[in-house]
Structures are given as C-alpha cells and as structure tokens.
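Student: Could you take me through one part of this model up close, and then show me what surrounds it? I would like to follow it piece by piece.

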Amino acid sequence: MKIAVLSSIAWRTPPENYGPWEQMASNITEGLVDKGHKVSLFASGNSITTAKLRSVCKLPYNQDASGDPKVSECLHISHLMENAADFDIIHNHFDFLPLTYSRLIKTPIITTIHGFSSPKIIPVYKKYDASTAYISISDSDRHKELTYLDTIYHGVDPTLFTFRKDKEDYLLYFGRIHPEKGLHKAIEIAEKSGYILKIAGLIQDDKYFQAEIAPKIDNEQIQFLGNVGKEKRDLLLGGAKALLHPISFEEPFGLSVLEAMMCGTPVIAFARGSMPELIKDNFSGFLVKNVSGAVKAVQNIERIDPKDCRTHAEENFSLEKMINSYLEAYQKVLESF
C-alpha cells in the first residue's frame, strides 16, 4: 500500500522533546514501514524516518523565527495535496485544515483527531464528515455531531521503554506546564504526601509558571528539570514511585500516562477525559477525584505491582496493536471509497 502520512510541522517528527502529534505520526510511519508498506512522511526537513521524507520547510516553525507559521502550514499541506494521486490513502495528523482539500482530490483521507483545540473548529469537521474518515484517540474525545470510523488508542514500542520494578522515592510530573494540566495540584499532592516531586515539561503558559509554580521550586522537595529528551524521559518515568496526572480538563489521551505504565510506573490521575480508558483502577494506578484522594493513593501506591502496569500497557497500547488497527481502518476506507 502506498501511504502518505501528514505530520504537523510545529516540531520535528519525531520530536526531540515535546510534540505528541509528531510522536504519534512517527510511531505510525515507522510501524507501517516495518510492515512493508511504501510510506512517505510529510514533515519538517530535519525529521528522522525510515520512510521517504518529503518536506518544504527545513525546520519546524517553533524553531525557525524567520518564517510565518501559517505560510509554512499552507505550503506544507498543499505540497502533499498536489501530489495526492501518488498515494492509495492519506493519513492526516494535522488537524482540520487538510480536510478542506478532501473534495478536491481523488485519494481518500483518514484523519486522526488528536483533540479539539476549540469549539470554533467543529464546523470544519462537520462540513467534511461525509467525505473523510475520522479516528478518535479515545471514546471520551468523540464529538456527538461527528461520525467516527473507529477509536484507536495510541501505541508505543515497548522495547523503547525500560521496565523498572524497584522505584526511587520521588513522584513525577511529566507534561506541558499549563493550568489545565494541574502542576500546581501535583505540587500540593507531593507536599502533603511528603515526597520529592520532579517536574519535567514544556512551559506552555509562562504567566502561570511564574506566578504559581516558580515560587514553589526549591530544587530539594520540588525540582524543575525543564523540557527533557527521550533518554532522560525513560530514566525519570522508570524511577518514579508514581506519575501524578491531576488534570482539570477532559484530556483526549495523555501519552505520558501510557509511557509511565510501560515503564512499570503506576499513574495517579484525576478521573476525567480518557483517564478511565487508559488506567485500570487499582491495577495500573489509581483514578481519584481530588487532591485528598490523590494523597491517599500515594499512601497506597505499594499495592500496585509494576509488572501489572507494564502488562496492562503492553496488552492495550502497543505499537503492534495500533498499527494493525490502522491497517484495518485503511482497508475499510478503501473498500468504501
């Protein structure tokens, strides 16, 4: 099968640090290549892939201050669409804008919806509901006015995550630093539990960081490590007693939750959005309602066996399972197109 994978160009594919859309586009691309398919990855020029890399911008727009993000996006998307006839199917990981080409080309488009940045973008998805196929990344993230082909959970290669049975005495916050992700609550949980909290992530809201987070960082109990890469990620996730995920929004997926469990690390998360789909309560972590519930979960964290966390992740969120599910979805689209 000749497949075009359209990644975002906000970051490199795969990302050097933060970049969940780019990471999943990379995982899918490499998995498809391993299955023997002819894959072209449309991404930034510094991307790394075993597929054929096709790009119009040398660097992601978050690394290139000389360009205009919207101009780069338009050139990037049109580059693929003007060559759409070269492919059997297009797999879109770049949100709603590519959908506007779906009625202008003959190649079918399947779109993984990585969440909705705003209700204002829903009209575009609604307009092209009948001309493209939508994949949700969790059942909780489905919009009631859209039609979905399937829900396919994110998957990762288990061999890239080191399982560690013996944990160190620290809790971990791993993710973008924004009020909705709940770092301030993670700090409160750590303080009330008496554990060190290590913080790793991209500062997405600087005002929030400066006002509510920075004053708490003492580099002893509350430690800020910055936006870390893959090697450091593996060490942090594997060594943590638990990953804290006290979100205050309906999160579509939560890649760090999966990655932590793959390392054998239980997750303590607020039971919102996709969390009940990702975490098996009292088996691979704890689903709680508030800070006090999270503190109690920390006190009972030894009840969770790291092996069960790894098993749960491998059985439900492996790269192999995700790729097979997408191949089935591609076939359904091609048969009905």
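Tutor: Let's begin where helix 1 has just ended: the helix is followed by Gly36, which has a positive phi near 95°. Please keep in mind that this is a predicted model.

Now step back into the helix itself. Helix 1 has 15 residues, and from its first C-alpha to its last it reaches 21 Å, close to the 21 Å expected at 1.5 Å a residue. Many of its residues are worth finding on your screen: Glu22, Gln23, Met24, Ala25, Ser26, Asn27, Ile28, Thr29, Gly31 and Leu32 are buried. What do the buried residues of helix 1 pack against? Their partners include three strands, namely strand 1 (2-6), strand 2 (38-42) and strand 4 (89-92). Helix 6 (230-239), helix 7 (255-262) and helix 11 (319-336) are partners of these buried residues too.

Let's zoom in on one residue of this helix, Asn27. Is Asn27 buried or exposed? Its relative accessibility is 11%, and buried means under 20%, so Asn27 counts as buried. The side chain of Asn27 makes a polar contact of 2.8 Å with the side chain of Gln23. Leaving aside residues up to four places away in sequence, Asn27 touches Gly155, Val156, Leu319, Met322 and Ile323.

Just before the helix, there is a detail in the backbone. Most residues other than glycine have a negative phi, and most peptide bonds are trans. Pro14 sits in the loop between strand 1 and helix 1, and the peptide bond leading from Thr13 to Pro14 is cis, with omega near -5°.

Strand 1 takes us into a sheet. Strands of a sheet pair through backbone hydrogen bonds, either parallel or antiparallel. Here the sheet is open, has 7 strands in the order 3-2-1-4-5-6-7, and its pairing is parallel. Why is one side of strand 3 (52-54) and of strand 7 (150-151) left without a neighbour in the sheet? Each of them stands at an edge and has a single partner strand, so one side stays unpaired. Further in, strand 1 pairs with strand 4 over 4 bridges in the parallel sense. You can find one such place by looking for Val5, which stands opposite His91 in strand 4.

Other helices lie on this sheet as well. Helix 2 (residues 69-81) crosses strand 1, strand 2, strand 3, strand 4 and strand 5, and runs at about 170° to strand 1. Helix 11, which we met as a packing partner of helix 1, lies across strand 1, strand 4, strand 5 and strand 6 (133-136). Its direction is at about 130° to strand 4.

Follow the chain past strand 4 and you come to the loop between strand 4 and strand 5 (109-113), which holds Thr107. Asp95 lies in that loop too. Asp95 has a positive phi of about 65°, although it is not a glycine, and with a relative accessible area of 14% it is buried. Thr107 is buried as well, at 7% relative accessible area. Which backbone oxygens does the side chain of Thr107 reach? One belongs to Ala84, at 2.6 Å, and another to Phe87, at 3.5 Å. Among the residues that Thr107 touches, apart from those up to four places away in sequence, are Asp88, Ile89, Ile90 and Phe337.

To finish, let's look at the cysteines. How many disulfides does a search of the whole structure find? The search finds 0. For Cys57, the closest cysteine sulfur is in Cys74, 12 Å away, which is too far for a bond. Cys263 is in no disulfide either, since its nearest cysteine sulfur, in Cys309, lies 10 Å away, while a disulfide needs the two sulfur atoms within 2.5 Å. Both of these cysteines are inside: Cys57 is buried at 11% relative accessible area, and Cys263 is buried at 0%.

Note on methods: Residues are numbered from 1 along each chain as its sequence is written. This is a predicted model: local features need pLDDT of at least 70, side-chain atom pairs count only at pLDDT 80 or more; totals for chains, interfaces and linings use all residues. Side-chain values use heavy atoms; hydrogens and water are left out. Helices (H or I, at least four residues) and strands (E, at least two) are DSSP runs, numbered from the N terminus. Buried means under 20% relative accessible area, exposed over 50%, partly exposed in between (1.4 Å probe, protein chains only). A polar contact is a pair of N or O atoms within 3.5 Å; within protein, one must be able to donate a hydrogen and the other to accept it, and residues adjacent in sequence count only if both atoms are side-chain atoms. Contact means heavy atoms within 4.5 Å. The expected span of a helix is 1.5 Å times one less than its number of residues. Two strands pair if DSSP finds at least two bridges between them. Axes are lines fitted to C-alpha atoms, for helices over the stretch in contact, and angles run from 0 to 180 degrees between N-to-C directions.
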